[in-house]
2 protein chains.
Amino acid sequence: MPTSRIRISLLRLILGRRLANEEYVERRISAFEGVPAMGLDGLGSSSYGPEAALTMLMPLGAAGLAYIGWVMLPILLLLVILYASYRQTIRTYPNNGGAYTVSKLNLGTGASLLTASALMVDYVLNVAVGISAGIGALTSAAPVLQPYTLSLCLGTLVLVAVMNLRGTIDAGRAWALPTYLFLASFLTILAIGTLRTLMSGGHPSAVVPPPRPPRATEAVTLWLILRSFAAGCTAMTGVEAVSNSVSAFREPVIKRAHRTLGAICGFLGLLLAGITYLARSYGIAAMDQTQSGYQSVLSQLAGAVVGHGVFYYVAIASVLCILCLSANTSFVDFPRVCCLVAEDDFLPRPFAAVGRRLVLSVGILYLAGTAGLLLAVFGGITDRLIPLFAIGAFLTFTMSQAGMVWHWRREILTAKTPTARQTYRAHLAINAVGAIATSIALLIIVVAKFSEGAWITLLAIPCTILVLHMVKKYYVRLDAQLREQKQLNLRGTAPPLVLVATPAWNKLTDRALQFALRISPDVLAVHFTELKGSTAEEEERALRQCWAHDVEEPARKAGLRPPQLVRVKARFRSMTGPLLQLIGELQEKNHNRLIAVLLPEVVKEYWWQHLLHSRRLRRMQAALLRYGGSHVVVMIIPWHLEEPRIEEGLEEEETPPAPAEAADR
Amino acid sequence: MPTSRIRISLLRLILGRRLANEEYVERRISAFEGVPAMGLDGLGSSSYGPEAALTMLMPLGAAGLAYIGWVMLPILLLLVILYASYRQTIRTYPNNGGAYTVSKLNLGTGASLLTASALMVDYVLNVAVGISAGIGALTSAAPVLQPYTLSLCLGTLVLVAVMNLRGTIDAGRAWALPTYLFLASFLTILAIGTLRTLMSGGHPSAVVPPPRPPRATEAVTLWLILRSFAAGCTAMTGVEAVSNSVSAFREPVIKRAHRTLGAICGFLGLLLAGITYLARSYGIAAMDQTQSGYQSVLSQLAGAVVGHGVFYYVAIASVLCILCLSANTSFVDFPRVCCLVAEDDFLPRPFAAVGRRLVLSVGILYLAGTAGLLLAVFGGITDRLIPLFAIGAFLTFTMSQAGMVWHWRREILTAKTPTARQTYRAHLAINAVGAIATSIALLIIVVAKFSEGAWITLLAIPCTILVLHMVKKYYVRLDAQLREQKQLNLRGTAPPLVLVATPAWNKLTDRALQFALRISPDVLAVHFTELKGSTAEEEERALRQCWAHDVEEPARKAGLRPPQLVRVKARFRSMTGPLLQLIGELQEKNHNRLIAVLLPEVVKEYWWQHLLHSRRLRRMQAALLRYGGSHVVVMIIPWHLEEPRIEEGLEEEETPPAPAEAADR
């Protein structure tokens, strides 16, 4: 089977058949797929957000539990504000109205590039950190897997990437089971725990009692509370996801996006509130991860409420799944953000190309590649990257909210009725509160985590912006040359001078000569001598004799000017140099007349055929295009060992491509 | 600096400037470079041949030394026979008259392929084993280097490969110092030792006495002696080298080749005889390599004769160098053998292409790659490959001698004078003795080493022959199609139907249209819709309006038939499928008329530009050539962001390529 066929079959097996444009409608998702596809980052963070906040309070010992409520309350408030403002954003910008679009339309290009870079850095980190955290939790539950950490990380990465290459809807369906299992089991645990707490008057007895909190080593300070708040804020990353991918939803788009956002924020809020409440009432503190016997807060909580039965293990397994898969949010959003940026020419245009399965394959592959590199470099252990993490998210929140404030301000100015103005004022208020709250949180996070590594993010973002600008500069230059279309200039219509260049003369070059004589009366046949390092006098004499009989005679009979045979010495055994040299001379003599170089090539059907032919012609094609200048074009005359059928080249679509439409006129 | 410039500068730095054909004369070598270039395998084996024979005799204890003479004597005799017969071969076939040519011309294709495979397998093994033996000796002398064994092996491999890519003469000059140092120091040691032995009446006292030989564990058997002989025969590999590369020598070729062969065989004989003689008189036995305190026979011998002074260390260092560099023989011969085989179409033709520095670069790179793979797989420790080793060499010896016997037999039959017949008979006798002796040795080696791994070689050789036949079959099929030249058929000379295919319309496509109208009156402009997954109605309407004004109008004014605009739906976002489909339909309508597809392309000057453009056009070119059939040709119309100068494309030769010779007529 030819190589290309094998490749196509393999692709089809892994990614599914190629989808047609008109199938796009069926590929859009509803809230059912939207929650697993976009919500895993947010929902998964409920498992480490409260834990991170509690870890910061560890120096306070048992007393720390008294403060956890004061730390989580503002976080919950922030969540409500974010929910309300992203609802507005989605309604206002139903076409992928993510932070990038909002800041571009309202704050200008500079702000939008800042947002884009923050988002891009954040998403790459999110994939690496999410997967390594998930696999870290798995290997600490089953230490026998420890040596395979990196392989497990990369395996998960490939799994998530492939599923997203198949399509957002496929990923959403695939992860629906663990997502809803996680939600069902933990909401049940929280409900039972809350009921018991209320029934016992606030002091429930644990089925498996959590270990005693450590002794206090410090007194409470505002700085400690703020650091705990900054750590807890990681629970909120991923909330912006829906707004970036609104266009992925089925009609009615806004309603479905709102429903998904509501489900994610609602479940996240319930989980955060419930975990905080039960941690206080059951007296569950964070444990030192570096000590043996470590148990996560969720594990302690589940044990305390339902004991170590089957239900416990199902719940904990679902948490592990959720954590490992939390990278999916990035895989849904990152390509869409990149596509928007690429459409504005700040990223390479292939990022905007719709792939085989109607998703933005280049973005997915790039994200997988970069995150895979990060994982490989850090050996699958990315704890150190965690401090870098929340900055991008909160920077995005702030930019998005600020953009919306500007948006409403403009709306107020142009509003026609006082009621409309009143409504817009209310909207503005919501977004303004959001912007202020998230910017304060951002400031706290930056200060609290600066020395831990947050500075790296603050360095990575400007670097990314620089790259975006460089890409833009290239495209601007390119378009400046290519656009500006005028009437076709057809003053010079003389056919080109045609060169047939070849190391040997045979039926293949005969065909090239035939073709050359069809398109131009001026044909030069370029024969290279000394290509093998030595002169082959014998061969040349034979060629000259043949030429008169085999080429010139029939050409004259057909009434054509016979092709001229030119001998060129390949002193350095390369055809490229002498041919370029010859072209230069011909151009000088013929006042920059167009020159077409015909390269006859044997078509390779199997990979091993490439080993049996030299790459000389391909190198020559590249050199001619690269250095020949705008007056040189290259033509390739194929020779097939077996005449192919055109149908073989059509991809394996279910239905053949539609025929060409009737010519316009 | 553009990427290609950087690559060329780097190549120039590592390999030196590109050499012109006429410089070939200066690149030929004399015996001075010939001995280091081709002789290191043979000379180096003097250090392990006697040792291998002595190792086999270890079970006999001190008594083994009494037999070493009886083992080495036939080996020395064999060496004399080989020398005499290869002298004859060189004189008879002065154009690379190696075993391959000799067996091809006298014994037929089957025999020549057997010889070629044996040589090729032997040379690959020789490189891997030679380098790892040399580095092994180095690391046992300096155990601190042990952990870097593989890196050292690969480093040496790269060094030798690069030096040979620079040219045989460069390699010969580079290794001259260690080679002649080795010869000088060991011939001196042997001379001093022999003198002392003679002066002391056969019982010299050692400066540093060698350790006592181990106790005898076995009695002497013929089988033991034969195995010792088989082991000692490894000393003779590399003797055929000169005959394979006669063409590398300066005029008078035969004289210089004879001189080189004589020097190699003479020095090797002296070393073997001297080492054997002194091992007996000083009582030096082989030591167990796996035991600590191991010393090689040469090290014991040098110590015994001159003590552990500066001279000792210089001598031992030169042995190490020689061993590491013994792979050079393969790098000189392997590419030349492959070139001969490739010229007969049994190996890919690029093996016969003369490279940048007038050496056969493809063979060198292939040898380095294969040997590198072997080294990497075995971690640089290839002891296990040693038993595989001598078979290829002795099979080659035998084939070569047998071929010469046939040669002389024919000469005798056609000889005109009785004296000539007499001379040929003498020649035949020499080669016949050689053939019989080497075939007996081969038999002993195969039997003695069969279970140790020699069977792998006996398996590898037929596999190689199979590959050679498959390559030949492909070229026969190719040539059957391409040869058979007749008068040029010029019945149909209608210009082709030209398609301009592009995802967007701009100045670049304007140029393509201009070009299309120059070569044919029938031009179709193929416009793809839905390429980005959705319809862009707006864009299309604009295009249709522009078309009438910007294209059709000027075409009519210029008296040309206006190009027809065809819209094609790219339902699967790929241009290839719909374009192939369209071509199929057009061919049906136009009775297989020639179709030329014009692809306008932005030329990439820097590597990063490839990231900013899609590979769509290249994929399309490949698909059109692959599936379009013989009636479709592809043309590429370049667009340069900066107009290049042709001179930039000429390689960095010292002198510019010679101008095109005057056209023949």
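Which residues in H4(B) meet which residues in H18(B)? We will start with that contact and then visit a few other places in this predicted model.

## Where H4(B) meets H18(B)

On the H4(B) side, the residues are B:Leu78, B:Ile81, B:Leu82, B:Ala84, B:Ser85, B:Gln88 and B:Arg91. Their partners in H18(B) are B:His427, B:Ile430, B:Asn431, B:Val433, B:Gly434, B:Ala437, B:Thr438 and B:Ala441. Sorted by character, the residues of this contact are eight nonpolar, six polar and one charged.

To find the two helices, look for residues 64–92 of chain B, which form H4, and residues 418–482 of chain B, which form H18. Their axes lie 9 Å apart and make an angle of about 130°. Because of that angle, H4(B) counts as oblique to H18(B). The crossing of the pair is left-handed.

## A second helix pair in chain B

Next, turn to helix H6 (residues 109–141) and helix H14 (residues 310–325), both of chain B. Their axes come within 6 Å and cross at roughly 155°, so H6(B) and H14(B) are roughly antiparallel to each other. Here, too, the crossing is left-handed.

From H6(B), the contact takes in B:Gly130, B:Ile131, B:Gly134, B:Ile135, B:Ala137 and B:Leu138. H14(B) contributes B:Leu320, B:Leu323 and B:Cys324. Seven of the residues in this contact are nonpolar and two are polar, with no charged ones.

## A helix pair in chain A

Over in chain A, helix H9 (residues 222–232) packs with helix H17 (residues 418–482) at an angle of about 100°. The axes of H9(A) and H17(A) are 9 Å apart. With such an angle, the two helices are therefore roughly perpendicular to each other.

H9(A) brings A:Trp223, A:Leu226, A:Arg227, A:Phe229, A:Ala230 and A:Ala231 to the contact. Across from them in H17(A) are A:Ala441, A:Ile444, A:Ile445, A:Val447, A:Ala448, A:Lys449 and A:Glu452. The contact of H9(A) with H17(A) holds ten nonpolar residues, no polar ones and three charged ones.

## Two residues to look up

Is A:Asn126 buried or exposed? This residue of helix H5 (residues 109–141) in chain A counts as buried, because its relative accessibility is 2%. Setting aside neighbours within four places in sequence, A:Asn126 is in contact with A:Asp41, A:Ile131, A:Ser326, A:Ser330 and A:Phe389.

B:Leu586 belongs to helix H21 (residues 576–589) of chain B. With a relative accessible area of 9%, B:Leu586 is buried as well. Not counting residues up to four places away in sequence, B:Leu586 touches B:Leu497, B:Leu499, B:Leu524 and B:Ile595. For a sense of distance, the C-alpha atoms of B:Leu586 and B:Lys507 are separated by 27 Å, and the two residues are 79 apart along the chain.

## How the two chains relate

Finally, step back to see both chains together. A turn of 180°, with a shift of 0.0 Å along the axis, lays chain B on chain A with an RMSD of 0.1 Å. That is why the relation is described as a two-fold axis. The same surface serves both copies, as 100% of the contact residues of chain B recur in chain A.

Which residue of chain B comes closest to the rotation axis? The residue is B:Met635, whose C-alpha lies at 2.0 Å from the axis.

Definitions and conventions. Residues numbered from 1 in each chain as written. Chains lettered and ligands numbered in written order. Predicted model: local features only at pLDDT ≥ 70, side-chain atom pairs only at ≥ 80, totals over all residues. Heavy atoms only, no water. Least-squares fit on C-alpha atoms with pLDDT ≥ 70 in both. Contact = heavy atoms within 4.5 Å. Axes fitted to C-alpha atoms, helices over the stretch in contact; angles between N-to-C directions. Helix = DSSP H or I, 4+ residues; strand = E, 2+ residues; numbered from the N terminus. Parallel < 35°, antiparallel > 145°, perpendicular 65-115°, else oblique. Left-handed = near helix turned anticlockwise from the far one by under 90°. Nonpolar A, V, L, I, M, F, W, Y, C, P; charged D, E, K, R; others polar. Buried < 20%, exposed > 50% of the residue type's maximum accessible area, 1.4 Å probe, protein only.
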